[in-house]
Amino acid sequence: AGAATLALELRFAMQWFPQVERQRLELPWRPVTLATDPLLDPLRRLFPPFAGAGGYGAIDASALVALTVLSITQEVLLGGNGGLLLQACPDPGAQEFIQVEILTQRVIMIASYAATMFR
């Protein structure tokens, strides 16, 4: 899930930089675009981009929706009172790594929401 999360985060951040968004099919952005478009295109039909503050630009929430779904899935599998995967993992070092990864994902999700709200 780490690579998927990173790709979605990059895709979400790309919209903040119009020059990058215009070049999304060129290197180095092409792999991110090709990896995320199959997931984001159907989400855009459900959640079309909406106008930004003052009518300038548009916010494409599809990557944020995908990150939210991914986060909820990770929470079910990894979070809570150990989650499904954490309970199945007997190695304390691996459990600690998983818990740090979950915390990191939560911080990134909160920062993404905050950035969207104050754009």
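**A buried salt-bridge network and an enclosed cavity**

Thr33 is buried, with a relative accessible area of 0%. The model in which this residue is seen is a predicted one. Thr33 belongs to helix α3, which spans residues 30-46. When neighbours within four places in sequence are left aside, Thr33 is in contact with Arg11, Met14, Arg24 and Leu25. One of these partners, Arg11, lies in helix α1.

The protein chain has 119 residues, and buried residues make up 32% of them. Its secondary structure consists of six helices and two strands. Along the sequence these elements follow the pattern α-α-α-β-β-α-α-α. Among the contacts with a separation of 6 or more, 50% are accounted for by residues 24 or more positions apart. The area exposed by the chain is about 7,500 Å², and carbon and sulfur atoms supply 69% of that area.

Ahead of helix α3, the backbone has a cis peptide bond. This bond runs from Leu27 to Pro28, and its omega is near 5°. Pro28 is placed in the loop between α2 (18-22) and α3. In general, most peptide bonds are trans.

The charged side chains were examined next. Side chains of opposite charge can pair when their charged atoms come close. Four salt bridges are present in the structure. In one of them Asp37 is joined to Arg11, with the closest N and O atoms 2.8 Å apart. This pair links distant parts of the chain, since Asp37 is in helix α3 and Arg11 is in helix α1, 26 residues apart. Both Asp37 and Arg11 are buried. Asp37 also meets the side chain of Arg44 in a salt bridge, with an N to O distance of 3.8 Å.

Arg44 in turn forms a salt bridge with Asp60, where the closest N and O atoms are 2.7 Å apart. Here too distant parts of the chain are linked: Arg44 is in helix α3, whereas Asp60 is in the loop between β2 (58-59) and α4, and the two are 16 residues apart. Asp60 counts as buried because its relative accessibility is 15%, which is under the 20% cut-off. Through shared partners, the salt bridges join Arg11, Asp37, Asp41, Arg44 and Asp60 into one network.

Which residues does Val65 touch, not counting those up to four places away in sequence? They are Leu43 and Phe47. Val65 is itself placed in helix α4. The C-alpha atoms of Val65 and Arg44 are 9.6 Å apart in space, while the two residues are 21 residues apart in sequence. Arg44, as noted above, is in helix α3.

The search for enclosed space gave one cavity of 30 Å³ or more. The largest cavity holds about 50 Å³ of space. Ten residues line the largest cavity, and the closest to its centre are Thr5, Glu9, Leu67, Gln105 and Met109. Helices α1 (2-14), α4 (62-78) and α6 (92-117) are the elements that give two or more residues to this lining. By class, the lining has four nonpolar, five polar and one charged residues.

Two of the residues closest to the cavity centre, Leu67 and Glu9, were followed further. Leu67 is found in helix α4 and is buried, with a relative accessible area of 3%. Apart from neighbours within four places in sequence, Leu67 is in contact with Thr5, Leu8, Glu9 and Met109. Of these, Thr5, Glu9 and Met109 are also among the residues closest to the cavity centre. Leu67 and Met109 are 42 residues apart along the chain, and their C-alpha atoms are separated by 7.5 Å.

Glu9 lies in helix α1. Is this residue buried or exposed? With a relative accessible area of 17%, Glu9 is buried, because buried means under 20%. Residues up to four places away in sequence aside, Glu9 touches Leu67, Gln105 and Ile108. Leu67 and Gln105 are, like Glu9, among the residues closest to the centre of the cavity.

Conventions:
Residues are numbered from 1 along each chain as its sequence is written. This is a predicted model: local features need pLDDT of at least 70, side-chain atom pairs count only at pLDDT 80 or more; totals for chains, interfaces and linings use all residues. Side-chain values use heavy atoms; hydrogens and water are left out. Helices (H or I, at least four residues) and strands (E, at least two) are DSSP runs, numbered from the N terminus. Buried means under 20% relative accessible area, exposed over 50%, partly exposed in between (1.4 Å probe, protein chains only). Contact means heavy atoms within 4.5 Å. On a 1 Å grid over the protein atoms alone, a cavity is a set of points where a 1.4 Å probe fits but cannot get out, and a pocket is an open set with protein on both sides within 12 Å along at least five of seven lines; lining residues have an atom within 4 Å of a point. Grid points are joined across faces, edges and corners, and a volume is the space filled by probe spheres set on the points. Ala, Val, Leu, Ile, Met, Phe, Trp, Tyr, Cys and Pro count as nonpolar, Asp, Glu, Lys and Arg as charged, and the others, Gly among them, as polar. Accessible areas come from the Shrake-Rupley method with a 1.4 Å probe; for residues, only the protein chains shown count as cover.
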